[in-house]
Amino acid sequence: MISKKEHHTDTPLHLDEKDMGILRLLQQDAKMTIRDIAGQLNLSTTPVYERIRKMEQAGVIKQYAAIVDPRKIDKSLTVLCYITLKEHNKKCGKKFIQEILNFTEVTECLNISGEFDFMIKVQVKDMDEYREFYVNKLGELDNLSHTQSIFVISVIKATHQVVF
């Protein structure tokens with residue numbers, strides 16, 4: 001994770017082509033050294049370091065992470081679960097979000113528009129483990145009105161890279 005002193009705003013940071021080049025390289029390989037990045041972009045190392053630091057502090061670069069193949073760690077069932085809440089006030093929404101954040105099986109939670117309020121992505125070993133999660137964790141939440149579970153057959157494309 002980036003330092004706790006980071007100052008994020010919702011205002012996009014003005015990035016030039018050199019910044020974009022750095023981001024493209026880091027999205028492909030976050031372990032790339034500053035020296036290698038500088039070499040590929042025909043820059044010296046100090047400006048590359050300063051640009052990366054600036055983007056970290058502004059929250060453009062949120063974190064550096066290893067992308068793990070869930071199948072290799074016995075978590076091969078992916079479920080997209082759509083959720084509608086009974087009550088739609090700030091207090092109930094905040095409580096739901098706090099509860100979802102504590103579920104280790106949930107790898108993503110999106111607040112969405114349309115028929116449902118939220119979509120969560122659940123990563124588990126198998127159908128038995130999902131049933132356990134659904135009945136004993138998700139099903140125990142007070143404010144659920146309706147859920148719909150969609151089971152992923154195969155992943156066609158999955159990337160964390162943002163195209164610009």
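**View 1. E108 on its strand.** A strand here is a DSSP run of E, at least two residues in length, with the numbering starting from the N terminus. That's the sense in which E108 has its place in strand β2. Keep in mind for this and every other view that the model is predicted. Is E108 buried, exposed or something in between? Its relative accessibility is 34%, so E108 counts as partly exposed. Leaving out residues up to four places away in sequence, E108 touches M119, I120 and K121. For a sense of scale, look over to Y49: the two residues are 59 apart in sequence, and their C-alpha atoms are 31 Å apart in space.

**View 2. The four-stranded sheet.** Read across, the strand order is β2-β3-β1-β4, giving an open sheet with antiparallel pairing. At the edges sit β2 (106-111) and β4 (144-151), each with a pairing on one side only. On average, and ignoring direction, neighbouring strands of the sheet are turned by 20° against each other. As a general reminder, strands of a sheet pair through backbone hydrogen bonds, either parallel or antiparallel.

**View 3. The β2-β3 hairpin.** Here β2 and β3 form a hairpin, with six residues between them. Check out G114 in the turn: its phi is positive, at about 105°. The two strands run antiparallel and are joined by five bridges. One spot to look for is N111, which stands opposite F118 in β3.

**View 4. β1 and its two partners.** On one side, β1 pairs with β3 in the antiparallel sense over seven bridges. Two pairs help you find your way along this ladder: C81 stands opposite I120, and T78 has Q123 as its bridge partner. Turning to β4, seven bridges join β1 to this strand, again antiparallel. There, T84 is matched with H146. How much of β1 is covered up? Seven of its nine residues are buried, so β1 is largely enclosed by the rest of the structure. β3 is mostly covered too, with six of its seven residues buried.

**View 5. The largest nonpolar core, around I120.** This core has 18 residues, and I83, I120 and L138 make the most contacts inside it. At least two core residues come from each of β1 (77-85), α4 (90-101), β3 (118-124) and α5 (127-136). β1 gives the largest share, five residues. Zoom in on I120 and, setting aside neighbours within four places in sequence, you'll find it in contact with V79, L80, C81, I83, I100, V106, E108, C109, F133 and L138. Apart from this core lies another one, of 13 residues, including L23, M32, M55 and I61. In soluble globular proteins generally, nonpolar side chains tend to be buried together.

**View 6. α1 against α2.** Helix α1 (residues 17-28) packs on helix α2 (residues 34-41) at an angle of about 125°, and their axes are 10 Å apart. The two helices are therefore oblique to each other. Their crossing is right-handed. From α1, the residues K18, G21, I22, L25 and L26 meet I37, Q40 and L41 of α2.

**View 7. α1 against α3.** Now swap α2 for helix α3 (residues 45-57), which packs with α1 at an angle of about 80°, the axes lying 10 Å apart. That makes α1 roughly perpendicular to α3. On the α1 side of this contact are K18, D19, I22, L23 and L26, and they meet V48, R51, I52, K54 and M55 in α3. Two of these names may ring a bell: L23 and M55 are among the residues of the 13-residue core.

Methods:
Residues numbered from 1 in each chain as written. Predicted model: local features only at pLDDT ≥ 70, side-chain atom pairs only at ≥ 80, totals over all residues. Heavy atoms only, no water. Core = buried A, V, L, I, M, F, W, Y, C linked by side-chain atoms within 4.5 Å. Buried < 20%, exposed > 50% of the residue type's maximum accessible area, 1.4 Å probe, protein only. Contact = heavy atoms within 4.5 Å. Pairing = 2+ DSSP bridges. Axes fitted to C-alpha atoms, helices over the stretch in contact; angles between N-to-C directions. Parallel < 35°, antiparallel > 145°, perpendicular 65-115°, else oblique. Left-handed = near helix turned anticlockwise from the far one by under 90°.
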